[in-house]
Amino acid sequence: MNRFMFGYCAIVISALCWPSLLTPIHAYLCIGIAAILLRWSKLLAGGLFAVAWVSLFSHQLLTFQTSENHSSIETRAEIISLVYRNSDRISADIRLLGVNSSTFVQRYMRVNWPETIPVRVGEVWQLQIQPKPIASTLNQGGFNRQRYYLSKHIIGTGKVIIAERVMATENIRTRFNHHIIDKVLPLSNGDLLLALMVGDKQFITDEHWQGLRQSGTGHLIAISGLHLSVLALWALFIARLMLAQFNVTQSIVNLKLAAMMALGLCIVYAYLSGFSLPTQRALIMLALVIVLSFLRRYSTSFERLLWALFIVLLIDPLSMMSAGFWLSFGALGIILSFMQQLGGNKDVPARSMRKRMTKKALQFWSLQWRLSLLLGALQMLLFGGVAPYALLFNLLFVPWFSLVVIPLTFIVMLLSSVGLATQGILVGLNSTISPLTWSFHQLQHLPLTWLSASEDLSLALLFLLLAFFLLRLITKPLWRVLALVFLLPSALLMARPFVDINNRSNWKLHLLDVGQGLSAIIERQGRVVIYDTGAAFGEDFSYAKRVIIPFLQYQGIDSVDYLILSHADNDHAGGAQDLLSQYPGLQLITDIEMPFSVLPQPMSCRPKHLVWQGLSLQILAPREPRAGNNGSCVLKVSDDQYQLLLPGDIESEAEQELIQTYAAFEGNVLTSDVLVAPHHGSNTSSSEAFIHAVSPQLVLYPAGLHNRYHFPKTTVVERYKVAQSEQYMVGRNGQLSVIFEQDDLKVRGFRYDISPFWYNRVFEFGLLENTRVE
């Protein structure tokens with residue numbers, strides 16, 4: 001085993017848990033120390049080099065030349081891919097060129113492009129862009145878009161203001177891309193064929209996306225190691241047959257020539273399909289496996305895997321943030337391990353055709369269930385759930401794609417590149433996808449197409465898998481006993497929902513990061529009350545689906561007791577229908593007239609007192625239905641020690657009415673330890689009189705990062721400073737969780753406490769920031 005490579009790979013992967021990165025000066029110092037240590041400890045030298053390289057790579061990626069006010073940037077860029085489109089705009093990935101290019105790191109941006117400006121992949125444009133940082137909403141259980149962008153080298157997003165075409169790059173790939181889209185897209189499965197041929201997923205329909213997710217077959221249409229490996233095996237088989245006509249002895253020379261021809265065809269496929277980062281990683285892995293197979297020195301599966309891992313992480317150390325990285329190397333590790341077991345099997349081969357076929361079928365099943373189990377476990381860890389029918393679908397369609405779809409797709413791509421593919425051939429290829437899409441329709445009639453996994457279940461599975469693989473890899477009895485240690489945390493995590501290990505008197509407020517909007521969850525003993533839902537946009541997007549429901553599933557919560565909608569503004573009530581559909585048994589409290597039926601009937605926001613899980617829920621206002629911000633449903637939650645006030649979007653007029661009603665007499669009801677700032681920190685709210693009446697210890701601002709209203713306003717922040725209140729903003733911290741314990745209040749932010757890793761920090765555009773900003 002190469003200790004330098006092992007140390008390097010292990011430390012690069014550990015960067016997922018680093019709190020910060022080295023400065024460039026310290027990184028260069030580490031490289032010098034690593035060079036000195038190389039003679040005495042290759043393992044330590046590899047680790048130090050990894051720390052330095054990840055830091056330097058990230059600084060090089062995120063350093064960007066902008067104007068002084070950052071209001072707009074001008075750059076030359078190449079159109080890499082068109083991600084998706086709606087009625088009036090296209091989302092495109094661009095590669096930055098010229099002054100904003102880098103020596104050894106490719107930088108990308110994801111920009112919104114006006115539909116009125118025709119654009120094609122491969123063109124070079126001079127652009128003026130209104131930039132935005134990659135910082136995104138961050139919550140437990142939610143999709144970490146910020147980490148996803150970094151893994152794809154996307155350093156910013158933005159809106160194209162002015163665009164001027166510099167040149168239309170007409171190389172083989174762009175000509176092929178333009179030609180194939182026009183011919184394939186009208187076909188019934190053309191959206192999936194385009195993903196297979198040119199890596200273009202912008203046209204995949206919502207129906208097909210849902211089917212791929214529920215069946216666990218998304219990897220079949222995402223160009224990856226599977227596609228390149230299948231193509232290489234077919235090419236190797238055909239090349240050996242052809243070469244055998246010239247050299248009947250089947251020498252090792254023929255095998256090497258066939259392998260090089262197979263690798264060459266894979267390079268052609270990767271080139272025509274766009275050379276995306278996942279495709280590049282898969283090609284590197286395949287090339288190393290082929291080359292090392294002919295070098296006796298690196299004959300074990302572990303050494304081949306280590307070499308592939310080392311080269312991939314050396315070229316792109318941030319690839320370890322990608323889900324595709326873990327799925328690809330996980331699958332490759334299982335395949336290599338399984339093939340090594342077959343190679344070590346000294347049994348006498350079966351003599352009859354029937355026994356040979358039975359043996360092959362059992363070997364295929366053995367490999368398939370291992371792959372499905374591992375990929376299902378990784379899917380649960382990476383995406384918070386698993387498709388229970390994935391094993392069945394992969395058993396059916398992995399062989400179908402390997403034997404039919406993938407080789408035919410490549411043949412049609414070659415014919416199309418030279419103008420020989422007729423419409424009849426394309427229609428025939430389209431029909432090979434039909435069994436998969438037909439099965440999507442049948443899948444809709446089956447129950448439990450997606451099973452969500454809580455944090456405890458995912459971590460328990462992780463420790464269980466670690467114990468299992470260590471027991472399989474380790475042969476010494478003493479070390480195998482140590483591997484069993486991983487079973488203990490797994491058992492504890494599985495038992496936690498049934499064991500009273502937490503103080504049942506504690507309760508929590510989770511102020512979720514829903515951009516410029518509000519959604520708060522009060523949690524106690526596995527039960528929740530939701531106050532507002534955040535916004536919804538269009539028919540498909542709502543923060544209820546993207547943030548609230550995944551958060552509850554991550555916490556292992558499967559029901560909601562109350563949903564309180566403060567008022568009708570979209571940023572407060574946009575996701576109501578999605579929550580009511582997901583949790584039909586909840587009790588709705590609101591003055592909003594719903595455009596759809598709700599059962600049971602909603603309760604009004606007239607002042608009332610409810611007891612829930614031992615907590616007091618007091619609705620303080622409004623006294624009569626009222627439109628607008630001042631008609632917000634004001635909620636106070638309290639126990640014997642702490643009070644929480646949720647005032648919605650009330651402004652100074654409604655604040656004064658609350659003071660007159662509840663604070664002007666003995667026993668001020670408004671006094672609260674924690675206040676969610678009214679109207680997101682607007683200057684029309686949080687009057688001095690209201691702040692004095694509430695006297696909060698903690699003030700939380702439900703305001704998005706860089707929101708267009710510039711909430712919270714500086715004057716409001718100053719007022720709370722005068723009142724000596726501790727202040728936190730959701731946009732800067734991500735999800736904010738306040739834990740009400742018997743003797744203390746604890747505030748935990750996602751970016752700095754819950755998931756305090758360097759890639760979750762607030763990245764201003766073109767700047768890597770590791771300082772803590774509340």
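Two strands count as paired if DSSP finds at least two bridges between them. In this predicted model, strand S20 (residues 698–701) and strand S21 (residues 726–729) meet that condition with 4 bridges, and they pair in the parallel sense. One of the partnerships links Tyr701 to Met729 in S21. Between the two strands the chain passes through helix H24 (residues 714–722), and this β-α-β crossover from S20 to S21 is right-handed.

**The seven-stranded sheet**

Strands of a sheet pair through backbone hydrogen bonds, either parallel or antiparallel. An open sheet is built from 7 strands in the order S14-S13-S10-S9-S8-S22-S23, and its pairing is mixed. The edges are held by strand S14 (587–589) and strand S23 (745–749); each has a single partner strand, so one side of each lacks a neighbour in the sheet. From one strand to the next, the twist averages 15°.

Within this order, S10 and S9 stand next to each other. Strand S9 (residues 520–524) and strand S10 (residues 527–531) run antiparallel and are joined by 5 bridges. Ile522, for example, has Val529 in S10 as its bridge partner.

**Helix packing around H14**

Two packings of helix H14 (residues 390–417) are set out below: one with helix H15 (residues 423–443) and one with helix H5 (residues 172–184).

| Helix pair | Angle | Distance between axes |
|---|---|---|
| H14 and H15 | about 155° | 9 Å |
| H5 and H14 | about 110° | 10 Å |

How do H14 and H15 lie, roughly parallel or roughly antiparallel? Angles over 145 degrees count as roughly antiparallel; the angle here is about 155°, and H14 and H15 are therefore roughly antiparallel to each other. Their crossing is left-handed. On the H14 side the contact includes Phe393, Phe397, Trp400 and Phe401, and on the H15 side it includes Ile425, Leu426, Leu429 and Pro435. Polar residues number 3 in the contact of H14 with H15, beside 16 nonpolar and no charged ones.

The angle of about 110° between H5 and H14 falls in the range of 65 to 115 degrees that counts as roughly perpendicular. H5 and H14 are therefore described as roughly perpendicular to each other. Here Phe176, His179 and Ile180 of H5 meet Met413, Ser416 and Ser417 of H14. By class, the contact of H5 with H14 divides into 3 nonpolar and 3 polar residues, with no charged residues.

Conventions
Residues numbered from 1 in each chain as written. Predicted model: local features only at pLDDT ≥ 70, side-chain atom pairs only at ≥ 80, totals over all residues. Heavy atoms only, no water. Axes fitted to C-alpha atoms, helices over the stretch in contact; angles between N-to-C directions. Parallel < 35°, antiparallel > 145°, perpendicular 65-115°, else oblique. Left-handed = near helix turned anticlockwise from the far one by under 90°. Contact = heavy atoms within 4.5 Å. Nonpolar A, V, L, I, M, F, W, Y, C, P; charged D, E, K, R; others polar. Right-handed = clockwise from strand over helix to strand, strands pointing away.
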